[in-house]
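Colleague: Could you walk me through this model before I set up my own calculations? I have a handful of questions ready.

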Amino acid sequence: MASKVLMPSLNLKHGTFPLNNEAQIQSHSFGQVCLPKKTGLSSSRQSVVANNSAVTAVPAMAAAASTGICSSLSRFWREVQGSTNWENLVEPLHPLLRKEIIRYGELVAACYKAFDLDSNSKRYLNCKYGKKSMLREVGMENSGYEVTKYIYATPDVNIPIQNGASCGRWIGYVAVSSDEETRRIGRRDVLVTFRGTVTNHEWVTNFMSSLTPARLDPHHERPEVKVESGFLSLYTSEEADSKFGLESCREQLLSEVSRLLNKHKGEDISITLAGHSMGSALALLLAYDIAELGLNKKNNSISDNDIPITVFSFGGPRVGNSSFKQRCEELGVKVLRIVNINDPITKLPGVFLNENIRVFLGGKLELPWISCSCYSHVGVELVLDFFNVQNPSCVHDLETYISLLKLPKRCLGIQKEGLNFDFLNRARDLILSAQNLNINLPWKDAAINMVNIVQSQRT
């Protein structure tokens with residue numbers, strides 16, 4: 001569990017919301033017990049409780065906070081989007097940044113609420129609603145965004161699925177801020193959101209943990225830049241025979257993002273990509289792809305005038321190797337990772353071969369295989385700390401993440417909304433069923449171990 005130790009060389013910013021086990025716990029539907037943090041695992045993290053009086057050291061934002069002007073997003077949107085790598089905004093968590101994290105989290109949660117899980121429905125495993133009504137139907141009619149395109153993805157994995165249906169599934173949407181919202185937030189925001197893992201194909205894809213060259217830019221293949229093969233498959237695989245006539249997820253996204261950037265040329269624009277779990281991996285791949293292809297550039301070189309690309313990752317896994325991380329940083333991709341310290345998915349893939357390997361090698365030894373073969377998280381990390389002994393699946397639940405951010409000062413019981421999966425049991429069942437189907441999952445044993453680690457905290 002080396003990833004629970006803060007290593008200065010990682011250059012990550014940490015803010016932690018520990019849930020006090022002595023606090024009075026409230027529950028809407030079931031009693032909850034919050035476990036204290038285990039000494040030795042996370043004691044090196046600095047604990048910070050975010051609150052509305054937090055004042056940052058960023059001069060302009062600090063001045064605004066001190067005068068009570070904490071809602072002036074139009075003035076400080078670049079800082080909130082990570083222009084300064086969230087310097088002094090994470091620890092303590094600035095109220096303006098907290099509101100934006102919650103806002104984007106709820107826009108991701110809309111994917112789950114709109115996802116059709118009724119096997120008798122004609123829209124089974126697709127979106128229940130049309131683009132124009134989707135946000136209204138899930139209770140977000142005042143979000144300030146207009147959905148412009150639905151996104152479908154197809155993992156290149158062949159396993160039997162229910163009803164023999166096509167494995168291309170609705171995975172998220174592209175939206176753009178309305179004129180009124182654009183004035184409020186200070187720029188035209190092009191938003192792409194992705195849901196997390198639901199279907200059997202996606203579960204198998206999650207555990208296809210082998211690194212492969214991304215090669216997304218045909219002019220500069222960069223073979224040293226490698227990403228997890230399952231995520232890349234989900235991002236790039238096509239399904240021409242489906243009823244949707246699917247292009248790859250990648251082609252759908254690049255086409256729509258390019259269209260919107262061209263439509264709003266001349267305006268201040270931001271590109272925001274947000275996702276949960278597997279969706280976080282897709283968001284980061286898209287961010288890297290856009291930046292590598294230069295779709296956000298206003299000239300031929302990286303400059304302050306480029307359209308900023310920001311990823312808000314909720315409970316996201318590692319996506320690529322150290323060279324991928326380095327290239328994302330060179331391209332100016334900004335990533336804020338919101339992570340529950342008890343969430344096993346954030347430890348995968350690369351349970352053992354990850355960014356902390358240098359620590360075990362003495363911190364000075366550099367071996368060629370480290371940057372190529374070791375997984376590495378990208379970006380700045382904001383850490384939450386919660387666990388429900390009666391329902392360990394909550395450690396990865398998006399609604400729990402959002403609820404804790406809304407009420408960070410106290411331990412509370414949370415009634416889950418939207419999907420209510422027995423996350424950990426399903427993960428293990430899918431791994432075992434993949435074994436029965438003779439599907440090779442290189443990190444299967446490590447994944448099972450991570451599931452067992454979380455479940456063992458129940459006793």
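Colleague: Let's start with a strand: how many of the residues of β12 are buried?

Modeller: Happy to help, and please keep in mind that this is a predicted model. Strand β12 spans residues 380-385 and is mostly covered. Val380, Leu382 and Leu384 point one way from the strand, while Glu381, Val383 and Asp385 point the other way. Residues on both sides are buried, and the count for β12 is six of six.

Colleague: Which residue stands opposite Val380 in β12?

Modeller: The partner strand to look at is β10, residues 334-340. Five bridges join β10 to β12, and the two run parallel. Opposite Val380 stands Leu336.

Colleague: Good. And for the protein as a whole, what percentage of the residues count as buried?

Modeller: The protein has 15 helices and 12 strands. Its accessible surface comes to about 19100 Å², with 47% of that belonging to carbon and sulfur atoms. Among contacts between residues at least 6 apart in sequence, 73% join residues at least 24 apart. Of the 459 residues, the buried share is 59%.

Colleague: Now for the aromatics: what is the angle between the planes of Phe115 and Trp170?

Modeller: A pair of aromatic rings is described by the distance of the centres and the angle of the planes. The count for this protein is five aromatic pairs. Phe115 and Trp170 form one that is stacked, at 6.2 Å centre to centre, and the angle between their planes is 20°.

Colleague: How many residues apart in sequence are the parts that this pair of Phe115 and Trp170 ties together?

Modeller: Phe115 lies in the loop between α3 (95-114) and α4 (134-137), whereas Trp170 belongs to strand β3, residues 169-177. Both Phe115 and Trp170 are buried. Because one ring sits in that loop and the other in β3, the pair ties together parts whose separation in sequence is 55 residues.

Colleague: Then which pair is edge-to-face, with 65° between the planes?

Modeller: For this one, look at two helices: α9 (residues 278-293) and α10. Each contributes one ring, so the pair ties together parts that are 36 residues apart in sequence. Both of these residues are buried. With 5.2 Å centre to centre, the pair is Tyr288 and Phe324.

Colleague: Back to Phe115: which residue has its charged end over that ring?

Modeller: Phe115 is linked by ring pairs with Tyr150 and Trp170 into a cluster. A charged group also sits over the ring of Phe115, 4.2 Å from its centre. Elsewhere, Arg103 lies over the face of Tyr104, at 4.7 Å from the ring centre. Over Phe115, the residue is Arg195.

Colleague: What is the relative accessible area of Phe324?

Modeller: Phe324 lies in helix α10, where Ser322, Ser323, Lys325, Arg327 and Cys328 are among the buried residues. Leaving aside neighbours within four places in sequence, Phe324 is in contact with Val225, Lys226, Val227, Leu284, Tyr288, Val319 and Val378. Its C-alpha atom is separated by 9.4 Å from that of His377, 53 residues apart along the chain. Phe324 is buried, and its relative accessible area is 0%.

Colleague: Just after α10, which residue takes a positive phi?

Modeller: Helix α10 covers residues 322-330, so-called by its place in the chain's numbering of helices. The phi value just after the helix is about 85°, and the residue is Gly332.

Colleague: Is Asn126 buried or exposed?

Modeller: Asn126 lies in the loop between α3 and α4. A polar atom of its side chain lies 3.2 Å from the backbone oxygen of Tyr124. With a relative accessible area of 6%, under the 20% cut-off, Asn126 is buried.

Colleague: Last one: what is the length of the polar contact that joins the side chains of Arg188 and Asp179?

Modeller: Arg188 is found in strand β4, residues 188-194, and is buried with a relative accessible area of 9%. Leaving aside neighbours within four places in sequence, its contacts include Val176, His264, Glu267 and Asp268. The side chain of Arg188 also has a polar contact of 3.3 Å with that of Thr182. For Arg188 and Asp179, the polar contact is 2.9 Å.

How values were computed
Residues are numbered from 1 along each chain as its sequence is written. This is a predicted model: local features need pLDDT of at least 70, side-chain atom pairs count only at pLDDT 80 or more; totals for chains, interfaces and linings use all residues. Side-chain values use heavy atoms; hydrogens and water are left out. Buried means under 20% relative accessible area, exposed over 50%, partly exposed in between (1.4 Å probe, protein chains only). Helices (H or I, at least four residues) and strands (E, at least two) are DSSP runs, numbered from the N terminus. Two strands pair if DSSP finds at least two bridges between them. Contact means heavy atoms within 4.5 Å. Accessible areas come from the Shrake-Rupley method with a 1.4 Å probe; for residues, only the protein chains shown count as cover. Rings of Phe, Tyr and Trp (its six-membered ring) pair if their centres lie within 6.5 Å; planes under 30 degrees apart count as stacked, over 60 as edge-to-face and the rest as tilted. A charge sits over a ring if NZ of Lys or CZ of Arg is within 6 Å of the ring centre and within 35 degrees of the ring normal. A polar contact is a pair of N or O atoms within 3.5 Å; within protein, one must be able to donate a hydrogen and the other to accept it, and residues adjacent in sequence count only if both atoms are side-chain atoms.
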